[in-house]
Amino acid sequence: MPIIKEKTPMPSQDPQERSRNFNEVALGYTEEMALKEAERCIQCKNEPCRQGCPVEVDIPAFILKMKEKDYDGAIAKIKEKSNLPAICGRVCPQESQCEKYCTLGKKNEPVGIGRLERYAADYELNKGVTPPEVPASTGKKVAVVGGGPASLTAAADLARLGHQVTLFEALHVAGGVLMYGIPQFRLPKEVVQTEIDYIRKLGVDIRTNAVIGKISTVDELLEQGYDAVFIGTGAGLPYFMDIPGENLNGVYSANEFLTRTNLMKGYKFPEYATPIKVGKKVAVVGAGNVAMDGARTALRLGAEESYIVYRRSAEEMPARTEEIHHAEEEGVQFKLLTSPTEIVATDDGWVKGMTCVKYELGEPDASGRRRPIAIEGSEFFMEVDTVVMAIGQGPNPLVPTTTPGMELNKKGTIKADEESGATTKEGVFAGGDIVTGAATVILAMGAGKKAAKAIDEYLKNKA
Amino acid sequence: MYQIVATKVLAPTIKLFEIKAPMVAAKAQAGQFIILRVDEEGERIPLTIADYNRDAGTITTIFQEIGYTTKKLGALNEGDSLVDFVGPLGQASEIENFGRIVCVGGGVGVAPLYPITRALKEAGNEVISIIGARSKDLLILEDEMRSVSDTLLVATDDGSYGHKGFVTDLLKQVIEEKGDVKHVWAIGPVVMMRAVTGTTKPYEVPTIVSMNPIMVDGTGMCGACRVSVGNETKFACVDGPEFDGHLVDWDLAIRRLAIFKDEEKRAEAAASCGGGCGCQ
Ligand SMILES: Cc1cc2nc3c(=O)[nH]c(=O)nc-3n(C[C@H](O)[C@H](O)[C@H](O)COP(=O)(O)OP(=O)(O)OC[C@H]3O[C@@H](n4cnc5c(N)ncnc54)[C@H](O)[C@@H]3O)c2cc1C
Ligand SMILES: Cc1cc2nc3c(=O)[nH]c(=O)nc-3n(C[C@H](O)[C@H](O)[C@H](O)COP(=O)(O)OP(=O)(O)OC[C@H]3O[C@@H](n4cnc5c(N)ncnc54)[C@H](O)[C@@H]3O)c2cc1C
Ligand code: SF4
Ligand code: FES
């Protein structure tokens, strides 16, 4: 059979229509499409795709099950390693992970591994997830701090190993960025909650409205009888640029903008009571996933024009290719090699525009990316009435600053062993964005997995 | 679920709720706040901890019904429950024995001032308290404040009780007549706190205020609560809510409180007609 060169396309909502609603953009494969795509996999013996997966999903094995129409078998294979497949299938940057190493990708398009994963996961979600068997209790108690993908993964794996797990989440729902950051149109919240329910069914006690560092410190958790603590509090501290006008009315951090919309369902205001105000012309500063989400959300909230303002060029944009592509299709406009120097106010203190300068790219810097250099005399005024700052997030200091004896890195992230997540404090492990700085869902899950393994070892050796 | 175990009407539109939240009560300190949601569709609103009872596991909060959510909250009864209640958030007041201090409270701001005043009294300070309201029927916690103060002075805008005029008139009088005021605490509407800092500035009396910006998460994640203090941006929910009043950018604070004015009106209008009719 000849090799089909291209990935089976995944149907998506019409760009015109979807840029005005919050329904999911990518619609997922039909069974026929899934089978067609699974057929493309040549089942390489050396499994190159697996080396790109931070949680080591047995990719060829699950695709083989798909080929055999054994979808239950396929999802079971995935779940041996990943506790959140419907989420990963939607938001993992596959092009720089598994699919990057796929043999087919050398000459043609790689196998659509992410899309197949999503198909298998959705198949199970639609059918109803069978609660897993929970092993006999080891009698050990573990506290997991935070409710994002790192913590959820660590909690699930620890529960599967028979430990009694309590997860503490500061917000009123668990899920972390999956709930408050990534928009509904990319990752439906119902999907996240179903996957979290699965983790609850594993016996994990999820306590929301619990801010660690306030309600209990890490030391107090250890005193209360938890044998180990995992910290997965993420990188939730929004950065601002430190330019004049950033506190004007109409300037949001991406976190506020997205939290009001997603977690608080501001797009359903006033049925949901949390307001979100968006003007006619919105500028989102930055070009990562967060920025794309902000710019696309602005359109859906009624903005007439939505801009990405980024000081490097298209090549350096850190967002997933698919997200950039979707944003373009929906009409987001890209102002590249551009950066604001000041946000300018109307007489009553609202945003009226930004003074920007143009940039050019110089020699590569330490990060390997070409350094942006401001072009002298290139100032221009950009008329906008809403600005969303999406230039990055740092570690939230609430837990780090209330945990004596736990060393931090210069940027305030927690110092943890890459393999085990062990911190410099006995019995305390950490992983995800709080260790690495803002990264990806799957890396956070990978860290949660490794930490769970290490915590299990630690508990076995602990009297 | 967090049950409301007692309610009390303190003044028209000002209510006191005692809410069962043992974990929060165990840790609460003067100066801190909580965030609650009334129901699943609800907004997260911050309210100061007016008192706590560690034995009973309850938090007392006093609120003014001013908009959509506080009115909805005020309509609840003893025995009803809230879906969410998180705290204690923010930094506790830094209580010391300063010597002679003045605590100034305006309107519903007297509520958060009360536990701070009590703690300052317990720390050995000579406490002069000045509380005010628009009129006598809006004055709250007079007896409670008297019980933790060496001297209590009252002002009402309309003169229906105590001094006719503003709390700042009385504050100026106290500073001039008694002298040697080491510290001032002021909690109330933003315009009142600004006026207090204006009063104490010429005498160089350190003045602490409690900022009440718009908030969402209350844990330093969203940046909605930005205030400018000494030209530095601070997040009131984690760095505050108390700040040096002489360094606060008041114009900015007042402007930022108005961000969602139009939307707030829409929410209330929708609620009053049942919503969904599209009349707004
Ligand atoms: C808008 C946006 C879009 C993104 N898009 C993608 C994408 O498409 N693909 C991708 O792979 N990655 C994406 N990312 C990055 C990815 O979401 C993160 O890397 C990942 O969520 C990190 O997981 P985590 O578990 O470390 O932390 P988080 O997801 O940040 O979760 C941390 C949790 O801990 C809680 N918490 C914090 N402090 C405390 C405390 N003191 N006590 C209790 N709980 C606490 C927080 O409330 C939060 O729920 C995106 C991020 C954002 C913001
Ligand atoms: C740390 C802190 C402690 C507070 N303590 C108390 C208290 O003890 N008692 C009390 O009555 N009020 C307190 N507030 C104010 C209280 O949170 C607001 O009155 C409430 O959120 C208004 O909600 P609403 O829906 O009823 O009114 P809305 O219709 O939403 O708004 C009415 C007005 O309230 C202001 N406002 C709106 N949302 C917020 C918000 N999230 N935070 C602050 N102000 C807002 C705006 O200026 C607005 O014009 C406190 C605020 C903060 C930040
Ligand atoms: S590398 Fe590609 S073709 Fe080979 S097994 Fe993995 S998915 Fe299949
Ligand atoms: S309320 Fe979100 S950072 Fe303070």
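Colleague: Which residues surround ligand 3?

Modeller: In this predicted model, ligand 3 is surrounded by A:Cys41, A:Ile42, A:Cys44, A:Pro48, A:Cys49, A:Pro60, A:Cys102, A:Thr103, A:Val111 and A:Ile113. To be listed, a residue needs a heavy atom within 4 Å of the ligand.

Colleague: How do you know how the shell around ligand 3 divides into nonpolar, polar and charged residues?

Modeller: We sort the residues by type. Cys, Ile, Pro and Val count as nonpolar, while Asp, Glu, Lys and Arg count as charged. The outcome for ligand 3 is 9 nonpolar residues, 1 polar and no charged.

Colleague: What makes up the shell around ligand 1, by class?

Modeller: That shell has 19 nonpolar, 12 polar and 5 charged residues. In total, 36 residues surround ligand 1, and the closest are A:Val91, A:Glu169, A:Arg186, A:Ile212 and A:Asp433.

Colleague: Why is the pair between A:Ile212 and ligand 1 called a polar contact?

Modeller: A polar contact is a pair of N or O atoms within 3.5 Å. A nitrogen atom of ligand 1 lies 2.8 Å from a polar backbone atom of A:Ile212, so this pair meets the cut-off. Two more pairs involve oxygen atoms of ligand 1: a backbone N or O atom of A:Pro149 is 3.2 Å from one, and a backbone N or O atom of A:Val441 is 2.9 Å from one.

Colleague: How much of ligand 1 does the protein cover?

Modeller: On its own, ligand 1 has 1000 Å² of accessible area, and the protein covers 96% of that.

Colleague: Which helices each supply at least two residues of the shell around ligand 1?

Modeller: In chain A they are helix 9 (149–160), helix 14 (289–300) and helix 17 (441–461). Helix 14 of chain A gives the largest share, 3 residues.

Colleague: Now for the whole chain. How many helices and strands does chain A have?

Modeller: Chain A has 17 helices and 16 strands.

Colleague: And why is chain A called as compact as a globular protein of that length?

Modeller: The globule rule gives 23 Å for 463 residues, and the radius of gyration of chain A is 23 Å, close to that value, so the description fits. Its C-alpha atoms fill a box of roughly 65 × 65 × 50 Å along the principal axes.

Colleague: What share of the residues of chain A counts as buried, and what makes a residue buried?

Modeller: Buried means under 20% relative accessible area. By that test, 59% of the 463 residues of chain A are buried. Chain A exposes about 18700 Å², with carbon and sulfur atoms supplying 50% of it.

Conventions
Residues are numbered from 1 along each chain as its sequence is written. Chains are lettered from A and ligands numbered from 1 in the order in which they are written. This is a predicted model: local features need pLDDT of at least 70, side-chain atom pairs count only at pLDDT 80 or more; totals for chains, interfaces and linings use all residues. Side-chain values use heavy atoms; hydrogens and water are left out. A polar contact is a pair of N or O atoms within 3.5 Å; within protein, one must be able to donate a hydrogen and the other to accept it, and residues adjacent in sequence count only if both atoms are side-chain atoms. Accessible areas come from the Shrake-Rupley method with a 1.4 Å probe; for residues, only the protein chains shown count as cover. Helices (H or I, at least four residues) and strands (E, at least two) are DSSP runs, numbered from the N terminus. The radius of gyration is taken over C-alpha atoms; the globule rule is 2.2 Å times the number of residues to the power 0.38. Buried means under 20% relative accessible area, exposed over 50%, partly exposed in between (1.4 Å probe, protein chains only).
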